[in-house]
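Okay, let's get started. I'll put the model up on the screen, and then we'll walk through it together.

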Amino acid sequence: MAKSTGRHFLQVPGPSPVPERVLRAMAMPVIDHRGPEFARLGEEVLRGCQSVFRTAQPVIIYPASGTGAWEAAIVNTLSPGDRVLMVETGHFATLWRQMAVKWGIDVDFIAGDWRHAADPAAIEDKLRRDAGHAIRAVMVVHNETSTGAISPIAEIRAALDRAGHPALLMVDTISSLGSADYRHDEWRVDVAVSCSQKGLMLPPGLSFVAVSQRALTASRSGRLPRSYWGWDDMLKANAGGYFPYTPSTNLLFGLREALAMLDEEGLETVFARHARLATATRAAVRAWGLEILCQEADHRSPVLTAVVMPDGHDADRFRKIVLDLFDMSLGTGLGKLAGKVFRIGHLGAINELTLMGTLAGVEMGLAAAGVPHRSGGIVAAMEALCPETSSRLHASA
Ligand code: PLP
């Protein structure tokens with residue numbers, strides 16, 4: 001089958017498709033990053049980011065991928081030998097932990113099976129046992145993009161409070177920001193890390209750190225070396241709308257447009273759309289008779305669904321068939337999930353019909369790849385999205 005016409009379906013859980021409005025906004029001449037036009041742009045996007053993080057505190061924008069923001073969180077707040085508590089929700093939690101270890105941090109890693117969200121009770125238990133308050137930070141991935149489990153950050157905040165523990169709370173919102181409810185100030189998160197290529201509907205290349213006053217205070221006594229990632233110089237320059245070095249000007253034009261789009265739709269509507277599309281995706285997976293990787297119904301992600309391949313079938317072979325036949329990219333299994341799961345991204349600039357095309361590609365791909373499944377996923381998704389479909393189908397049967 002030819003795949004030269006129509007558009008590619010980029011259904012990995014980030015990078016997500018970039019809306020044409022954002023692409024057009026970036027197709028501009030580069031401006032002087034020390035001139036007055038840039039200062040207006042800088043001030044506007046920094047303010048817009050605060051509203052997406054739901055914070056009145058500073059947000060820092062780096063020309064970097066999300067991994068850079070992970071590093072910024074660590075090197076600005078911690079000192080060599082500091083103890084932190086992390087939770088093994090999946091591949092990304094594991095990578096963040098590896099980075100912390102490389103920085104000489106002593107990580108207590110609560111073991112997990114990559115099928116569950118972080119458990120607030122387990123965190124509370126660890127904190128209660130830490131009577132001397134040696135743990136400097138609790139570091140959690142909000143939406144674990146490798147597994148499709150979303151962790152309850154408000155409950156984790158409450159666990160810290162109940163334990164009466166002063167540890168900083170640091171959260172990776174890389175694949176949740178702009179797609180799932182996240183409230184930086186209300187949940188009293190100290191450092192939230194994010195990036196451009198997921199819910200913010202931008203190309204990769206920008207990352208974000210939202211910081212609390214406590215995190216800023218910790219940064220003054222933290223002894224890890226930092227230069228490029230240092231918050232002090234950045235915040236000084238940001239006060240005038242500028243950066244201490246050359247920013248990604250055109251990505252910031254795109255960011256301004258993406259923030260406007262989120263604002264026009266309204267964050268609550270954006271989150272409801274993601275939740276609705278995730279429900280429909282899960283209905284399709286269940287109808288196919290396949291297994292959803294995340295075992296907790298309450299913690300299944302609105303951003304992506306990881307689907308377990310039946311024994312004896314390789315997820316990457318299936319993904320290749322879908323790409324070859326239908327020009328659609330699905331997410332690969334990461335780390336120990338390689339070959340065992342594929343991930344359907346349903347985030348960012350996506351609506352009902354984009355999702356239906358995606359699910360049709362998956363269902364046709366399952367058939368083409370000879371993966372055992374039942375048909376009917378598409379109908380189940382249609383019924384989830386539009387209950388009238390259900391009554392009409394049954395009336396005509
Ligand atoms: N954390 C999470 C939850 C992610 O999903 C990713 C990337 O997908 C990262 C961190 C790393 O971000 P980046 O690849 O932009 O460096």
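Quick bit of vocabulary before anything else: when I say helix or strand, I mean a DSSP run, H or I with at least four residues for helices and E with at least two for strands, numbered from the N terminus. Residue numbers start from 1 along each chain, as its sequence is written. And this is a predicted model, so keep in mind that local features need pLDDT of at least 70, side-chain atom pairs count only at pLDDT 80 or more, and totals for chains, interfaces and linings use all residues.

Let's begin with helix H6, residues 153-163. Right after H6 comes Gly164, with a positive phi near 60 degrees. Inside the helix, Ile153, Ile156, Ala159, Leu160 and Ala163 are buried. Buried here means 20 or more other C-beta atoms within 10 Å of the residue's own; 12 or fewer is exposed, in between is partly exposed, and the C-beta atoms are placed from the backbone. Now, an α-helix has 3.6 residues a turn, so residues three or four places apart point the same way. Look down the axis of H6 and its buried residues fall within an arc of 110 degrees, so they line one face of the helix. That arc is taken over the directions from the helix axis to the C-beta atoms. What do the buried residues of H6 pack against? Helix H5 (120-129), strand E5 (135-141) and strand E8 (168-172). Contact, by the way, means C-beta atoms, placed from the backbone, within 7 Å.

Zooming out to domains. We've got domain 1, which is 9-16 + 266-396, and domain 2, which is 20-263; those bounds come from an automatic or database domain assignment. Over C-alpha atoms, their centres are 28 Å apart. Each side puts residues into the contact: 27 from domain 1 and 27 from domain 2. On the domain 1 side, helix H10 (267-288) and strand E12 (304-308) each supply at least two residues, and H10 gives the most, with four. That side splits into 15 nonpolar, nine polar and three charged residues. For the classes, Ala, Val, Leu, Ile, Met, Phe, Trp, Tyr, Cys and Pro are nonpolar, Asp, Glu, Lys and Arg are charged, and the others, Gly among them, are polar.

Next, the core. A nonpolar core is a set of buried Ala, Val, Leu, Ile, Met, Phe, Trp, Tyr and Cys residues joined through C-beta atoms within 7 Å. The largest one has 122 residues, and Ala69, Val138, Phe208 and Val209 have the most contacts inside it. H10 turns up again as the biggest giver to this core, with nine residues. Both domains give residues to the core, so it lies between them. Skipping residues up to four places away in sequence, Val209 touches Ile60, Ala69, Ala72, Ala73, Val191 and Val193.

On to the ligand. Among the residues around it are Gly14, Ser65, Thr67, Phe92, Asp172 and Cys195, where near means a C-beta atom, placed from the backbone, within 6 Å. The shell has five nonpolar, six polar and one charged residues. Gly14 also joins Pro15 through a cis peptide bond, omega about 0 degrees.

Last, some backbone oddities. His133, in the loop between H5 and E5, has a positive phi near 55 degrees. It counts as partly exposed because it has 13 C-beta neighbours inside 10 Å. Asp327, between helix H11 (315-326) and strand E13 (328-330), also has phi near 55 degrees.

Terms used. Two residues are in contact if their C-beta atoms, placed from the backbone, lie within 7 Å.
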